[in-house]
Amino acid sequence: MAGTKTVRITYREAIRQAIREALQRDPRVFLMGEDVGRYGGCFAVSKGLLDEFGPERIRDTPLSESAFVGAGIGAALGGMRPIVEIMTVNFSLLALDQIMNNAATILHMSGGQFNIPLVIRTTTGAGRQVAAQHSHSLEGWYAHIPGLKILTPATLEDGRGMLWTALQDPDPVLIFEHGGLYNVEGELASDAGAVEIEKAMVRKSGTDVSLITYGGTLGKTLRAAEELAGMGVSAEVLDLRTLRPLDAEAIVDSVTRTHRAVIIDEGWRSGSISAEISARIMENAFYELDSPVARICAAEVPMPYAKHLEDAALPQVATIVETAREMVGERG
Amino acid sequence: MPLLGADMEAGTIVQWLKKPGDAVKRGDIIAVIDTEKATIEVELFETGTLQSIIVPEGEKVPVGTVLALIRTDGEVAPPAEARPQVAVAPARVAPAPTIPVRPKQPPPVTPAVPGRLRVSPLAVRVAIELGVDLSTVRGTGQGAAITAADVQRAAKVAIPEKPPSVPVEVPEVKGRRAPTMSPAERHAAMRKAIAAAMARSKREIPHYYLGTWINLSRAMAWLEAENLKRPVTERLLYSVMLLKAVALASREIPDLNGFWIDGAFRLSEAVHVGVAISLRQGGLIAPAIHDLDKKGLDEIMGNLRDLVKRVRAGVLRSSEIMDATITVTSLGDQGVETVFGIIYPPQVALVGFGKISEHPWAANGMIGTKPVMNATLAADHRASDGHRGALFLAAIDRHLQEPEKL
């Protein structure tokens with residue numbers, strides 16, 4: 001957007017702006033979760049919001065995910081627009097019953113009478129040496145559940161813009177913020193606002209291979225695409241943005257252009273969202289393929305604590321480059 | 001080329017399963033033939049040695065064409081030049097075959113190297129578009145797979161006047177070559193075959209129809225008790241009882257069991273019951289369960305299960321296709337009460353069964369609800385009369401009242 005004024009901002013601040021804007025624009029919106037108030041959020045996303053909006057709208061909760069997600073569902077049923085923060089995705093498992101058996105099903109179980117306009121924000125992903133109980137990437141699991149929308153903002157624009165659109169949705173939306181992104185800094189248009197949440201986006205166009213990813217691995221994938229360009233391989237980078245509903249059309253379009261696909265996903269390989277993407281390609285673009293679909297996923301181990309082992313367990317730029325390079329093969 | 005259906009005029013050899021010099025015996029499966037209805041395994045009726053194959057794989061020939069020569073035991077191998085000429089159309093096929101034999105297609109290109117070619121789906125598409133013979137292409141993809149770029153490179157160096165070929169290997173299914181027709185072609189061909197047989201039936205056969213309601217309380221109660229004793233995999237379907245009852249009735253009233261050929265009824269001693277099996281993609285086939293009257297319910301159940309599996313996989317034996325002496329069609333699963341059947345020539349009768357449903361049923365001055373089914377008979381009035389047909393339906397009813405004896 002040439003000519004638009006930009007500001008230098010972190011992903012963390014972009015999300016804070018989004019929350020602030022939502023609180024200002026809609027009196028029904030409130031934020032609740034563990035340590036979101038006085039402490040300012042485990043990842044400092046909500047720092048300062050308690051002073052600005054007061055304890056009615058920035059609510060600290062007990063350490064009981066099931067209870068406060070349930071309260072969020074109740075509030076949504078009662079006409080509010082709650083933003084529930086679950087500190088990390090692994091803690092969300094304590095609230096899985098509320099999310100899956102209630103939030104995702106009540107519209108159906110009530111014969112279409114009761115929507116649950118609930119937004120849950122949580123942190124996902126590894127790479128910060130927080131070991132096997134705080135490094136999960138379970139957004140692919142949640143993308144399995146009908147009745148939910150699963151957003152994975154990977155850019156400043158999406159961090160800033162997805163929340164408001166999610167709040168306008170009459171049904172439950174889960175936003176997965178990769179923990180490695182909070183400190184990422186960049187330029188954001190000063191008038192940045194809501195973005196649509198239905199479409200995947202091509203972050204870099206290319207003709208030889210589609211690198212399909214989302215969330216925390218988008219940055220690595222873009223760096224890999226740059227390295228590949230230096231080798232004469234034109235890689236397209238597709239940011240899925242939303243895992244449910246999956247934008248299969250964009251995936252098929254991209255693979256139809258490049259005839260090759262590498263999926264990069266920080267989740268474990270077996271039964272993962274990468275498996276789903278690969279299956280969609282097989283179902284819809286089989287005759288476009290010039291090579292088997294490849295996947296670069298996390299090693300199927302509990303995430304190691306040691307830095308070098310954690311690095312080895314995660315998708316890395318070098319692996320992406322090597323896989324794509326080998327797939328494209330001899331250039332005609 | 002055996003006649004494998006009343007209206008079959010020609011067939012294609014899909015695969016020879018024996019080669020010249022092989023010892024063969026009665027009952028062996030010697031070849032796989034593609035008719036318009038299905039892929040059929042051809043069984044042998046001779047024991048001896050396969051001397052030579054006359055019709056090669058891939059060729060379509062009229063019914064009656066000699067496909068291969070078998071030297072029976074004791075016969076001396078004739079000198080090569082004394083081989084009999086290819087005989088065509090024996091007396092059995094009245095009109096001379098009119099289907100022209102298609103000019104031989106260029107045989108599918110096989111790779112120069114042994115084993116399957118590794119070709120990407122896109123490369124296959126590009127090869128077809130550009131008419132490139134994949135066996136000549138050097139693969140540079142992963143595992144030396146041929147990619148679209150490899151095909152395009154090969155197209156640039158290919159001789160321009162080369163006729164476009166479709167160099168895709170014929171996919172193999174469990175060691176058997178796949179049939180030569182596409183599903184759509186097969187479907188159209190089957191529709192045509194059914195149309196011809198049914199039109200002939202309605203044109204030539206003076207059908208008469210009889211129907212009766214049969215109380216199945218005893219049969220169903222017996223079946224339920226019997227199945228309770230069995231593991232799930234060995235349970236019986238009620239249709240097995242119906243088939244057996246038809247077979248027993250056919251033995252008692254033989255006027256309905258056999259063929260109308262050349263203006264006369266030929267009674268069949270054996271009872272081979274044809275079972276109409278619908279195909280998922282549309283169309284139907286009614287292969288026979290042989291000597292059904294002599295088989296126990298378990299054996300019939302096994303036969304039926306096997307038959308349905310093979311019909312849907314398109315692999316039938318020649319004897320099953322041609323031998324049925326009477327056909328049964330059950331449409332009860334589709335919610336139909338009454339079947340008004342059309343006889344499959346040259347058979348002379350078709351038994352139809354509708355659904356089993358609860359009906360008010362009066363017996364001995366009392367009214368109750370009973371599981372009841374409508375059984376119908378479509379029979380050829382040239383071969384039998386209504387009186388015999390009525391006895392036949394009554395016999396089916398009687399046998400179903402004594403399920404333990406089936």
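This passage describes the fold, helix packing and local backbone features of a two-chain predicted model, chains A and B.

Local features were taken at pLDDT of at least 70 and side-chain atom pairs at pLDDT 80 or more, while totals for chains, interfaces and linings use all residues of this predicted model. Residues are numbered from 1 along each chain as its sequence is written, and chains are lettered from A, with ligands numbered from 1, in the order in which they are written.

Chain A has 13 helices and 14 strands. Helices (H or I, at least four residues) and strands (E, at least two) are DSSP runs, numbered from the N terminus. Of the 332 residues in chain A, 51% are buried. A residue is buried if 20 or more other C-beta atoms lie within 10 Å of its own, exposed if 12 or fewer, and partly exposed in between, with C-beta atoms placed from the backbone. Contacts between residues 24 or more positions apart account for 78% of those in chain A with a separation of 6 or more. Two residues are in contact if their C-beta atoms, placed from the backbone, lie within 7 Å. Chain B comes to eight helices and 20 strands. Buried residues make up 33% of its 406 residues. In chain B, 64% of the contacts between residues at least 6 apart in sequence join residues at least 24 apart.

The contact between the chains takes twelve residues from chain A and 13 from chain B. On the chain B side, helix 1 (121-130) and helix 2 (148-157) each supply at least two residues. By class, this side of chain B has five nonpolar, six polar and two charged residues. Here Ala, Val, Leu, Ile, Met, Phe, Trp, Tyr, Cys and Pro count as nonpolar, Asp, Glu, Lys and Arg as charged, and the others, Gly among them, as polar.

Two helix pairs of chain A were examined. The axes of helix 10 (residues 248-258) and helix 11 (residues 273-285) of chain A come within 10 Å and cross at roughly 65 degrees. Helix 10 of chain A is therefore roughly perpendicular to helix 11 of chain A. Axes are lines fitted to C-alpha atoms, for helices over the stretch in contact, and angles run from 0 to 180 degrees between N-to-C directions. Angles under 35 degrees count as roughly parallel, over 145 as roughly antiparallel, 65 to 115 as roughly perpendicular and the rest as oblique. The crossing of helix 10 with helix 11 of chain A is right-handed (the near helix is turned clockwise from the far one by less than a right angle; anticlockwise would be left-handed). Helix 10 of chain A contributes A:A248, A:I251, A:V252, A:V255 and A:T256 to the contact, and helix 11 of chain A contributes A:I277, A:R280, A:I281, A:N284 and A:A285. Seven of these residues are nonpolar, two polar and one charged.

Helix 3 (residues 65-77) and helix 5 (residues 96-103) of chain A have axes that come within 8 Å and cross at roughly 30 degrees. These two helices of chain A are therefore roughly parallel to each other. A:S66, A:V69, A:G70 and A:I73 of helix 3 meet A:D97, A:Q98, A:I99, A:N102 and A:A103 of helix 5. This contact divides into four nonpolar, four polar and one charged residues.

Helix 8 (residues 156-168) of chain A has a kink of about 35 degrees, centred on A:M162. The bend at a residue is the angle between axes fitted to the seven residues ending there and the seven starting there. Helix 8 of chain A is mostly covered, with eleven of its 13 residues buried. A:M162 is one of the buried residues.

Cis peptide bonds occur in both chains. One joins A:R244 and A:P245, with omega about -5 degrees. A:P245 lies in the loop between strand 12 (242-244) and helix 10 of chain A. Another joins B:P345 and B:P346, with omega about 5 degrees. B:P346 lies in the loop between strand 18 (326-330) and strand 19 (349-363) of chain B.

That loop of chain B also holds B:L331. B:L331 is partly exposed, with 17 C-beta neighbours inside 10 Å. Beyond its neighbours within four places in sequence, B:L331 is in contact with B:V336, B:V339 and B:G354.

Positive phi values were found at two non-glycine residues, A:A44 (near 60 degrees) and B:N364 (near 50 degrees). A:A44 sits in the loop between strand 2 (29-33) and helix 2 (49-53) of chain A. B:N364 lies between strand 19 and strand 20 (366-380) of chain B, and is exposed, with 4 other C-beta atoms within 10 Å.
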